[in-house]
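Please read the following points beside the model. They concern a pocket, a cavity and a pair of helices.

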Amino acid sequence: MDNDEIIERFASYLAAERRYSPLTVRNYRRDTENFVAWGVESSGGAFALLDAKSEDIREWIVSLSESGALGNASINRTVASVRALYRYLRREGEIDRDLFAGISSLRTPRRLPTFIPDDRMARVVREVLARLDSDDRRTRRDALMVLVFYTCGLRLAELTGIRRDDFGADFATLRVRGKGDKVRSVPLLGRVAREIKRHIERNYAENICSDDEKSLFLSNRGEPVSRSDVQRSVARLLRECGVQGKCSPHVLRHTFATHLLNDGADLREIQELMGHSSLKATQVYTHNDIAQLRRVYDSAHPRARE
């Protein structure tokens, strides 16, 4: 197989067998194509994925680091794509060696998740609830998206993928399709459930969607809302509500987890609600719990004020 055929088969495997999202598959494809492009340039024109050696991998990582175009975290993600490619090739019997044996990830500083403080988020929720009664359809839609992000802890792709038939009886639960097509059930607060039902009824009444369109959140043309539209809409609404710093759907997901933990939720329960495959991904939120304990300690311990 030549390089193009290998990458094409790898992309098909990720989509069909691993059930990765189109965006994820596109990122893996781009990373592996960039590796091939580097190999062709560094070798003067002749480079085959099946003939690559561990030395090639090491030189490639060094070149990525020395270029300064990517940080260590981005380099690690790029390298992970190529590592997955060669794991696939070994699985298929195309190669019999592990090119990544002894190759470790670059060190990265631990980045704590950005979240909206409780008091600020309370003001956001009050504003969002008020906007749900707006005469403007887009204003209502954007407000509901923010409310669903914050009360369900969804990823961006999970929210845009919600269909009208993903809700349980009386809209008490939401079936969420997460990474790797894993499905989880998330409970809905009573107010959120009522607003979702009202949203669907209004879409029908205003002829926004047809019977064939099952997506919950729609554009003005009645089509499924795009990820970029969701990102812009959420960022704009949060800034209008006075949120400082980064404003994004993922910040609301972090806020969901942080507030649950600070109010006593168990890490295992948060892991299940967020769809994390490993508890390690959920443990990053414990830094906020420690911060809360520190504030309580400083205000309550008789010696802390000294």
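**Note on the model**

1. The second largest pocket has a volume of about 350 Å³. A pocket is an open set of points on a 1 Å grid over the protein atoms alone, with protein on both sides within 12 Å along at least five of seven lines. The model is predicted: local features need pLDDT of at least 70, side-chain atom pairs count only at pLDDT 80 or more, and totals for chains, interfaces and linings use all residues. Residues are numbered from 1 along each chain as its sequence is written, and side-chain values use heavy atoms, with hydrogens and water left out.

2. This pocket is lined by 17 residues (each with an atom within 4 Å of a point); closest to its centre are Tyr 150, Thr 151, Leu 189, Phe 256 and Leu 260. Two or more lining residues come from each of α5, α6, β2 (183–187), α8 (190–205) and α10 (249–262). Helices (H or I, at least four residues) and strands (E, at least two) are DSSP runs, numbered from the N terminus.

3. The largest cavity, a set of points where a 1.4 Å probe fits but cannot get out, has a volume of about 50 Å³. Its lining consists of Leu 132, Arg 140, Leu 144, Glu 195, Arg 198, His 199 and Arg 202. Helix α8 gives the most, with 4 residues.

4. The axes (lines fitted to C-alpha atoms, for helices over the stretch in contact, with angles from 0 to 180 degrees between N-to-C directions) of α5 (residues 118–131) and α6 (residues 137–152) come within 8 Å and cross at roughly 140°.

Note on methods: Points joined across faces, edges and corners; volume = space filled by probe spheres on them.
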